[in-house]
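Please keep the sequence and the model side by side while reading. The paragraphs below go from loops to a helix pair, then to salt bridges and a strand residue.

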Amino acid sequence: MTIRDRYYTIRETIEEATLASGRDAGAVTLVAVTKYVEVERIAEAVALGVTSVGENRVQELLGKIDFFTKSKIDVNLIGQLQTNKVKYIINNVNLIQSMDRLELAREVDRRSRAAGAVSDVLIEVNVGKEEQKGGVSEEELPRFLDELGAFENVRVKGLMCIPPPGDEAGVRRHFSRMKRLFEDLKDSRIPNVSMEHLSMGMSGDYRAAILEGATMVRIGTALFGERNA
């Protein structure tokens with residue numbers, strides 16, 4: 001299949017699942033994961049209608065930033081972010097989707113303040129309680145949000161998760177729990193915290209994520225095919 005074929009298949013699935021979840025067809029954003037994807041192939045996806053991309057690694061993101069800027073694409077940092085790399089992405093990304101620790105929040109706030117910027121972030125939640133994955137636990141989440149509310153140059157815009165692999169029923173349980181967390185926090189009056197985006201679902205489970213309430217899905221392989229590191 002070509003990128004064009006894959007793109008329209010994905011768009012149809014997103015629209016069908018979004019409508020089935022009781023929302024308008026355009027309520028879910030496709031974030032095209034462009035890790036290890038050449039600019040020429042990304043440009044093909046952009047020409048088809050992709051308006052948002054996700055990069056895992058800062059160095060690779062910076063190598064494509066001129067293209068992203070010229071193409072007026074929203075850029076998401078979706079991989080784990082080291083504090084020593086924060087200085088390179090301030091004003092270069094629209095959304096940091098992997099905020100998962102206070103040390104990182106402090107550095108994003110400090111670098112953003114120095115640059116005269118305000119950085120939008122999503123809190124990564126370790127919904128499956130997996131030791132090998134980043135993210136805050138459900139139990140830690142309220143306190144973490146309170147701590148982030150003190151930073152003037154960081155704005156929390158929602159939540160993100162990567163659930164453990166499993167069958168559809170198991171994955172949907174994790175997505176459903178994330179949706180409940182998201183909804184419970186909508187009435188929060190914490191400064192600089194709002195629940196606008198729920199980023200969950202990737203190539204193998206994005207339909208299930210949408211049915212459970214995702215507003216963003218991060219899709220790489222299903223769009224670009226298998227990639228080599």
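Helices and strands are here DSSP runs, a helix being H or I over at least four residues and a strand being E over at least two, and they are numbered from the N terminus. With that naming in place, and bearing in mind that the model is predicted, one can start at N91, which sits in the loop between α4 (86–89) and β4. Most residues other than glycine have a negative phi. N91, although it is not a glycine, has a positive phi of about 70°, and with a relative accessibility of 57% N91 counts as exposed. N192 likewise is not a glycine and has a positive phi, of about 65°; N192 is found in the loop between α7 and β7 (193–199), where its relative accessible area of 31% makes it partly exposed.

The next stop is a pair of helices. Helix α2, covering residues 39–48, packs with helix α3, covering residues 58–70, at an angle of about 30°, and their axes are 11 Å apart. Because angles under 35 degrees count as roughly parallel, α2 and α3 are roughly parallel to each other. The crossing in which α2 passes α3 is right-handed. On the α2 side the contact is made by V39, I42, A43 and V46, while α3 brings K64, F67 and F68; sorted by class, this contact has six nonpolar residues, one charged residue and no polar ones.

K64 leads on to the salt bridges, of which a search of the whole structure finds 17. In one of them the side chains of E60 and K64 meet, at 2.8 Å from N to O, and because E60 and K64 are four residues apart in helix α3, about one helical turn separates them. What is the burial state of the two partners, E60 and K64? Since buried means under 20% relative accessible area, E60 is buried at 18%, and K64 is also buried, at 7%.

A salt bridge in helix α5 (residues 102–114) links D109 and R113, which lie four residues apart, about one turn of the helix; their side chains meet at 2.7 Å, N to O. Here D109 counts as buried, with a relative accessibility of 6%, whereas R113 has a relative accessible area of 49% and is partly exposed. In helix α7 (residues 168–184), K179 and E183 are again four residues apart, about one turn of the helix, and the salt bridge between their side chains is 2.7 Å from N to O. K179, at 24% relative accessibility, counts as partly exposed, and so does E183, at 33%. Returning to E60 and K64, salt bridges that share partners join these two residues and E55 into one network.

The last stop is I96, which lies in strand β4 (residues 95–99). With a relative accessibility of 1%, I96 counts as buried. Which residues, leaving aside neighbours within four places in sequence, is I96 in contact with? They are L77, L81, I89, V108, D120, V121 and L122. S119 is 23 residues from I96 along the chain, yet the C-alpha atoms of I96 and S119 are separated by 7.7 Å.

Key:
Residues numbered from 1 in each chain as written. Predicted model: local features only at pLDDT ≥ 70, side-chain atom pairs only at ≥ 80, totals over all residues. Heavy atoms only, no water. Axes fitted to C-alpha atoms, helices over the stretch in contact; angles between N-to-C directions. Parallel < 35°, antiparallel > 145°, perpendicular 65-115°, else oblique. Left-handed = near helix turned anticlockwise from the far one by under 90°. Contact = heavy atoms within 4.5 Å. Nonpolar A, V, L, I, M, F, W, Y, C, P; charged D, E, K, R; others polar. Buried < 20%, exposed > 50% of the residue type's maximum accessible area, 1.4 Å probe, protein only. Salt bridge = Lys/Arg side-chain N within 4 Å of Asp/Glu carboxyl O.
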